[in-house]
Amino acid sequence: MAAEKSHPSQFEKVKEITDKLEAGVAQMMNSESFKNYLKVMARFHNYSLNNTILIALQDPQATLIAGYTAWQKNFGRQVMKGEKAIRILAPTPYKKKMEVAVIDPSTGQARLNPDGTKQTELKEIMVPAFKVVNVFDVRSTEGKPIPSIGVNELTGDVRQYEMFFEALKRSCPVPIGFEQIDSGAKGYYHTVDHRIALQEGMSQVQTIKTLIHEMTHQHLHSKDPKEMAPEEPRLTRNAKEVEAESVAYTVAQHYGIETSDYSFAYIAGWSAGKDTPELKASLDRIRTAADELITGIDTQLQILQKEKMAELDAQAETLAVKLDELSYDFDYYGYVDAVDDREAVVRQNKEMLLENGTQVEGILEFLQEVVDDDGDCSARAAALITEVKEFSEAAAAFMPPKEPDQPVPGLQENGTYRYYSTQRPVDLGTFPKPPDNPVVEVHNYDADSRIPVENGMIQAWGYVEYQKPLTEKEAGDYELRPAPARFTEKEVRDMPKPDIQAGKEDIHPAKPDIGLQTKTACTSEPEKKSVLKDLGEKTPKPREPKASRKPKKQKEETR
């Protein structure tokens, strides 16, 4: 009978993977392999040296890794069948009681017995140990979308160049300046004056890459050899350039800056004749320096982003107030008839201005109408158009790029957001009324029970439509369910607008039920009169024609 094949022990697993590490370090010392390693380090800069090497050897395209169970519990994703794991080392320290020397706190030295031997005591200590664990890249999983990792990508001409350059300056402990460097160098670190000089007139990308390179020299190579500890390596000029160029490449990769012109053809020559521990020491210095620089830059970026957001918030607040005052002055009677809470209107205008700098089309259309009116408010409106456009451009440049336009739950062709009442007919107290999100329309179906809508996907008594989406809590508290996502915000904005010229004088113009007629299984069911009209119907005040209204100087007397 054949002996059963035994499974490898944890010790054997660790030995196998560390043997691969030793061999992998030597294999990595060519241009492309080394570049792949640095790319991995850029994404996993806070991982240990050994694990970044292991990831680079096994899957250099990896971007986000986690264990099988962690993907399920923390991300709502499942590792797909047949996917290959990446094996890395995880610390598994354990406690052990050992005899250790008794240290005198006043001297920091071991206490001695009368016979000259060291005093000892039984103490529980933590023993470092490692085990091999399996992790999977996000490409091997499926499920819920992954949130942004938090890296601000700076591409092309270096997006947010001024902010990023300022973050580099703030994180650098020595002054940075521009000058004409006659030697042809792009930059240098002055070891006597302790400053960094950059060649003036370079492109944004070249300036950033050169600055990171010189910051690495300052970070790693600024010590006077006379002040260095004996165990610290004395590096050649070539070795220093390898480290500085490698760190600059890693940091630039981390922020998405174009780095295709970096060449590491000299790596093989630099590494020739060096043993594995010496090479790993250099790699660890590169990894540590890249991690420290990225951490410092990220900290300053977060501070700068908060400062910029506070500045944009203040500007949006000022603009929102100006827009409200213009609306009030331009059409006083229409304004007071339509608005109960001016603060809510200001908040809504502010939100539109801050929403990535793109939700301003409606504001600009209104301002253009005021300009075309050629009245007392035209000049103010023209000035505001300029201010709104400038603000929108500044906000769009600062805000991160939006994710690809996705269908929005509840969004209808007419731009409203529909929520179905699945538990009861719509009536007073059965739907939320957020102060900054007015109800546009409410409908109950003319039926004695729920009917299937949305091709039978939902059973509903009726629906409520809002100007903006409800929060999950607002909808959940009233057991409302959003209509399925069919349209993107861009699709709705690009849809041809209906001609409402003929009905613009109506107090309650008819509104077609577009969503139900195109998507509902029971479109033949008649509908009741709008519940919103029933709940809030009141006799409107007669409106005077615009030409016969009182002059603006008397407006305050009629408030």
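Here are legends for four close-up views of this predicted model.

**View 1. The largest nonpolar core and its busiest members.** This core counts 57 residues, and the ones touching the most other members are Ile196, Val251, Leu353 and Leu367. Helix α9, spanning residues 276-330, is the top contributor, giving 15 residues. A separate core of 14 residues lies apart from it, with Val408, Tyr417, Val426 and Leu480 among them.

**View 2. A closer look around Leu353.** Leaving aside residues up to four places away in sequence, Leu353 touches Ala316, Leu319, Ala320 and Leu323, and also Val360, Ile363, Val388 and Phe391.

**View 3. Helix α5 against helix α6.** The axes of α5 (residues 161-171) and α6 (residues 204-221) come within 11 Å and cross at roughly 10°. With the cut-off for roughly parallel set at under 35 degrees, α5 therefore counts as roughly parallel to α6. On the α5 side, the contact uses Tyr161, Phe164, Phe165, Leu168 and Ser171, while α6 brings Gln204, Thr207, Ile208, Leu211, Ile212 and Met215. Sorted by class, that's eight nonpolar residues, three polar and no charged ones.

**View 4. A three-stranded open sheet.** The strands line up as β8-β10-β9, with mixed pairing. β8 (176-179) and β9 (187-190) are the edge strands, each pairing on one side only. On average, neighbouring strands are turned by 25° against each other, ignoring direction. β8 and β10 (residues 195-199) run parallel and are joined by four bridges. Look for Ile176 opposite Ile196 in β10; Ile196 also turns up in View 1, as one of the core residues touching the most other members.

Key:
Residues are numbered from 1 along each chain as its sequence is written. This is a predicted model: local features need pLDDT of at least 70, side-chain atom pairs count only at pLDDT 80 or more; totals for chains, interfaces and linings use all residues. Side-chain values use heavy atoms; hydrogens and water are left out. A nonpolar core is a set of buried Ala, Val, Leu, Ile, Met, Phe, Trp, Tyr and Cys residues joined through side-chain atoms within 4.5 Å. Buried means under 20% relative accessible area, exposed over 50%, partly exposed in between (1.4 Å probe, protein chains only). Helices (H or I, at least four residues) and strands (E, at least two) are DSSP runs, numbered from the N terminus. Contact means heavy atoms within 4.5 Å. Axes are lines fitted to C-alpha atoms, for helices over the stretch in contact, and angles run from 0 to 180 degrees between N-to-C directions. Angles under 35 degrees count as roughly parallel, over 145 as roughly antiparallel, 65 to 115 as roughly perpendicular and the rest as oblique. Ala, Val, Leu, Ile, Met, Phe, Trp, Tyr, Cys and Pro count as nonpolar, Asp, Glu, Lys and Arg as charged, and the others, Gly among them, as polar. Two strands pair if DSSP finds at least two bridges between them.
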